[in-house]
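Open your viewer and get ready to select a few pieces in turn. Follow the stops in order.

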Amino acid sequence: MAESAIPEDYLDGYAQLLADVSATGRRLTRDEIESRRALGERAADAGFGLRALVGAHLAATRAAWPSGPSSADSTLAAVQQAVDAFAEGYERAQRLAVRQEEAARREFIDDLLYGRSDLGRLAERAERFGLRLSHAHAVAVAQGPAPYDEGDPVTRQVEQALIARFGDRDILLTTKDGRLVCIAPGDQDQVLSSFAEQAHVATDGGRVAVGRPRPGPGGVVHSYEEALNTLELAERLDLDDPVLLAADLLVYPVLTRDRQAMADLVQGTLGPLTTARGGAEVLLDTLTAYFDSGCVAAEAARRLNLSVRALTYRLERIRKLTGANPADPAHRYMLQTAVIGARLLDWPGQAL
């Protein structure tokens, strides 16, 4: 903004102040300094640039410079005091505006991810932060070994990488409960893929879950919850994939939708394993490795650091205890579903 565009209101009393200082050699009073601070705050709130404001003060200083005998040192000291106080007030107003903006952004994010606000009002507020909630959006959540907040270097690193590649493109990157959260239009898979890649590296091998695209203002919270549930599933099932798509794991929520039925299946199918020497854990781990390796005995044995003979012995022990043969396709589906249910329900660590 040009110097001429700065209203004289923000230089109110400045010329008279310099004249008084030039005549008396005094320093500015506390009230005079505070009045300069107040003018600086007003100028910041009005949106004027600090550079233009300082330029206007220097121009006013030249115009009001006393022509008679005076102490240049006293006058320059007064200019320094006045401009410094003005800039201090300006910066104080700027910091307050930043804090208010941060508070508004955090409140919006909380309402968006928890669905606590009127959807119409939420859509209006979203435009201020670069989101158009009339479109479908998907949410990716990254969880690392440490919690992260907005000012964390990890957060800034991921955000800078995304902006460098995609610009702002209706992307919102934030943090929630110590996790990184990225909200992007549902038709821009490359944005969330890039976020997952950057977050995995920045969080030192953290895990990323991506919810499915959902339409409307309420779609964000549904996709966010889906991503969180996917992270929880991955932890319970000990999945080692760094990036998990909720769409690829839909079978697990279906399996646990009727918890009591799943608990009955686990208890009825795998309950006899608790009578084995050492408990059910070893045999349950054997079944997990066997199914995860595609029912290939040699691969399952390698994963468990066993000989194939030892693995075969364990599978036979499971058959005798449960009455179901893991190698028999007729029994395999029931056993594998029960094993998945056991992992989801944290059995036998938790009683059913």
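This tour visits some strands and then a pair of helices.

Keep in mind that this is a predicted model.

**Stop 1: strand β3**

Select residues 179-185, which make up strand β3. Is this strand mostly buried or exposed? Of its 7 residues, 6 are buried, so the rest of the structure largely encloses β3. Buried here means under 20% relative accessible area.

**Stop 2: strand β1**

Now add residues 137-143, strand β1. How does β1 run relative to β3? The two are antiparallel, and 6 bridges join them. To find one pairing, click A140: its bridge partner in β3 is C182.

**Stop 3: strand β2 and the turn**

Next, add residues 172-176, strand β2. β2 is also joined to β3, by 5 bridges, and this pair runs antiparallel. Click T175 and look across to L180 in β3, which stands opposite. Then follow the chain from β2 into β3. The two strands form a hairpin, with 2 residues between them. Stop at D177 in the turn: its phi is positive, at about 55°.

**Stop 4: helices α1 and α3**

Leave the strands. Select residues 14-24 for helix α1 and residues 50-64 for helix α3. At what angle do their axes cross? The angle is roughly 50°, and the axes come within 10 Å. That angle makes α1 oblique to α3. The crossing is right-handed.

Finish by showing side chains where the helices touch. From α1, pick Y14, A15 and L18; they meet H57, A60, T61 and A64 of α3. This contact has 5 nonpolar residues, 2 polar ones and no charged ones.

How values were computed. Residues numbered from 1 in each chain as written. Predicted model: local features only at pLDDT ≥ 70, side-chain atom pairs only at ≥ 80, totals over all residues. Heavy atoms only, no water. Buried < 20%, exposed > 50% of the residue type's maximum accessible area, 1.4 Å probe, protein only. Helix = DSSP H or I, 4+ residues; strand = E, 2+ residues; numbered from the N terminus. Pairing = 2+ DSSP bridges. Axes fitted to C-alpha atoms, helices over the stretch in contact; angles between N-to-C directions. Parallel < 35°, antiparallel > 145°, perpendicular 65-115°, else oblique. Left-handed = near helix turned anticlockwise from the far one by under 90°. Contact = heavy atoms within 4.5 Å. Nonpolar A, V, L, I, M, F, W, Y, C, P; charged D, E, K, R; others polar.
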